[in-house]
Amino acid sequence: MRKTFASLVSLLIASVAFAQAEPPDAPPRPADNGGPAHVYYAHSYYKDHYNRAGLGDLISVHVQNFNTLLAEVDGNCSAIVLFMNGMALKGLKPESCDALSGHVRYRLRRTEDADAIWHELLGHPKGFTRDISISIGKDTQFSVTSSVTDFQLEVIPKPPFFIFVGLFIAALVLFLALCRRTSLIRNNVPGVAPQQQAFSLALWQMSFWFFLVVAAYVFIWLINDELDTVTESVLGLIGIGSATAIGAVFIDQGKASLDAATATSRGFIRDVLSDASGGISIHRFQMFVWTLVLGVIFIASVYNNLEMPEFSAGLLGLMGISSGTYLGFKVPENSAPAAGPTTPPAAPPPPPA
C-alpha cells in the first residue's frame, strides 16, 4: 500500500514537472480532424537542448489525431510502439499517455528485443549526436507519418567521454613510462638494470590485449550502458596471451644462461622480433603481425558495432598455433651457455729424444 501511494505521488509530481517543462517554442497542437495519427513534434526535458536526448532520458512525442491511434490499440497505451529511423524499439513501453494533449512519453532504455536496433542507432559514431527521425505506431510493423526528422540522439555523452579519454591517456602514459623504466614487459634477467633489459614479445602481447579489452569495455559501457560485453573469443585471446607469457617465463627460467643479445635491449622492435643470434625470426614476426592484425579487427568491430567481436575458431586456432610455434622455437634459443673467452688447447708433449 505504501509503495502504491508513493508511486501515485511520484506520478503526480512528474506530471506537474512535465507540464512545466514543455518547450516554450513548441508548436501549437494541430486540430484533430478525425484522420490518421501524425507525429508533428518531439522533445526531451532538457531546458538547454529540447531537441536532444540519449539513453536514460525522457522524451515526449506529440501526436495529432491521437485518439485515432489509441482506438486502434483498444485504448491500451502500453501497446504504442516508438520508432527511430523507421525501426521499432520492441519491448519499450510508454511511461505515460495523455489523450487530451496527444502526448506519449518514453524513457529511452535498452531492451533485449531491441538490442540490434540500438547497435544500429549508436554504432559507428561520427560525433556526439546523430540526427534521427521519430514516430510511433500501433504495432512493430508500421509507423504513422511524422514530421520529426532531425531529432538529435546523443550517441556519446560528452562529460563522461572526456573523463574516459583523459583517464585512458593517463593510464597509457603511465604504462609506457613503466615499460621504459622498469622490467614490466621485459625479460627479468638478474644482474641487468631493469631499463636495460630486453623487451619480451610474450609480455608485450599480453599487455596489448589487456589495454584493448579494458578500453573497449569502458567505451561500450559508456555508449550502450551494457556490462556483459566480453565475448568468449575475447576471453580466448586473453587466455592465449596469458598462457604464452607464462610459458615464456618458464622457458627462460629453465635456461642455464642467457645470451647477452637476449639479456640487454637493442630497441623494442629488434627485441621482440629477433632471437639470440640477432636475426629476425619468422616465428616471432608471425606472432607479432597476427597480434596487430587481430587488434585492428577488434578495434574496428568495437567502433562499428559497439560490441566485442566473436572471432571464429579458425582465427583463435591460428593465434594459438602462432603462440605455440613461438614457444616451441624459444626452447632452443640460448639453451647453450653464453659464449665467452675460450682457452687454447694444451700443446702436445714433445716427442721423446
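Let me begin with a term: two helices count as roughly parallel when the angle between them is under 35 degrees. The model I am showing is a predicted one, and here is a pair of helices to which the term applies.

Helix α5 covers residues 201-224, and helix α9 covers residues 282-305. They pack at an angle of about 0 degrees, with 11 Å between their axes. That angle falls under the cut-off, so α5 and α9 are roughly parallel to each other. On the α5 side, the residues that meet α9 include Trp204, Phe208, Leu212 and Phe219. On the α9 side, the residues that meet α5 include Phe288, Leu292, Phe298 and Val302.

Now the core. The largest nonpolar core has 71 residues. Helix α5 gives the largest share of this core, 13 residues. Where does the core lie with respect to domain 1 and domain 2? Both domain 1, residues 18-154, and domain 2, residues 158-335, contribute residues, so the core lies between them. The residues with the most contacts inside the core are Ile59, Leu82, Ile136 and Phe298.

Take Ile136. Setting aside neighbours within four places in sequence, its contacts include Val39, Val61, Leu82, Phe83, Tyr106 and Val144.

Ile136 also falls within strand β9, residues 134-137. That strand belongs to an open sheet of three strands, in the order β5-β4-β9, with antiparallel pairing. Which strands are at the edges? They are β5, residues 87-88, and β9, each pairing on one side only. Strand β4, residues 81-84, is joined to β5 by two bridges. Across that pairing, Phe83 stands opposite Ala88 in β5.

Definitions and conventions:
Residues are numbered from 1 along each chain as its sequence is written. This is a predicted model: local features need pLDDT of at least 70, side-chain atom pairs count only at pLDDT 80 or more; totals for chains, interfaces and linings use all residues. Side-chain values use heavy atoms; hydrogens and water are left out. A nonpolar core is a set of buried Ala, Val, Leu, Ile, Met, Phe, Trp, Tyr and Cys residues joined through side-chain atoms within 4.5 Å. Buried means under 20% relative accessible area, exposed over 50%, partly exposed in between (1.4 Å probe, protein chains only). Helices (H or I, at least four residues) and strands (E, at least two) are DSSP runs, numbered from the N terminus. Domain bounds come from an automatic or database domain assignment. Contact means heavy atoms within 4.5 Å. Two strands pair if DSSP finds at least two bridges between them. Axes are lines fitted to C-alpha atoms, for helices over the stretch in contact, and angles run from 0 to 180 degrees between N-to-C directions. Angles under 35 degrees count as roughly parallel, over 145 as roughly antiparallel, 65 to 115 as roughly perpendicular and the rest as oblique.
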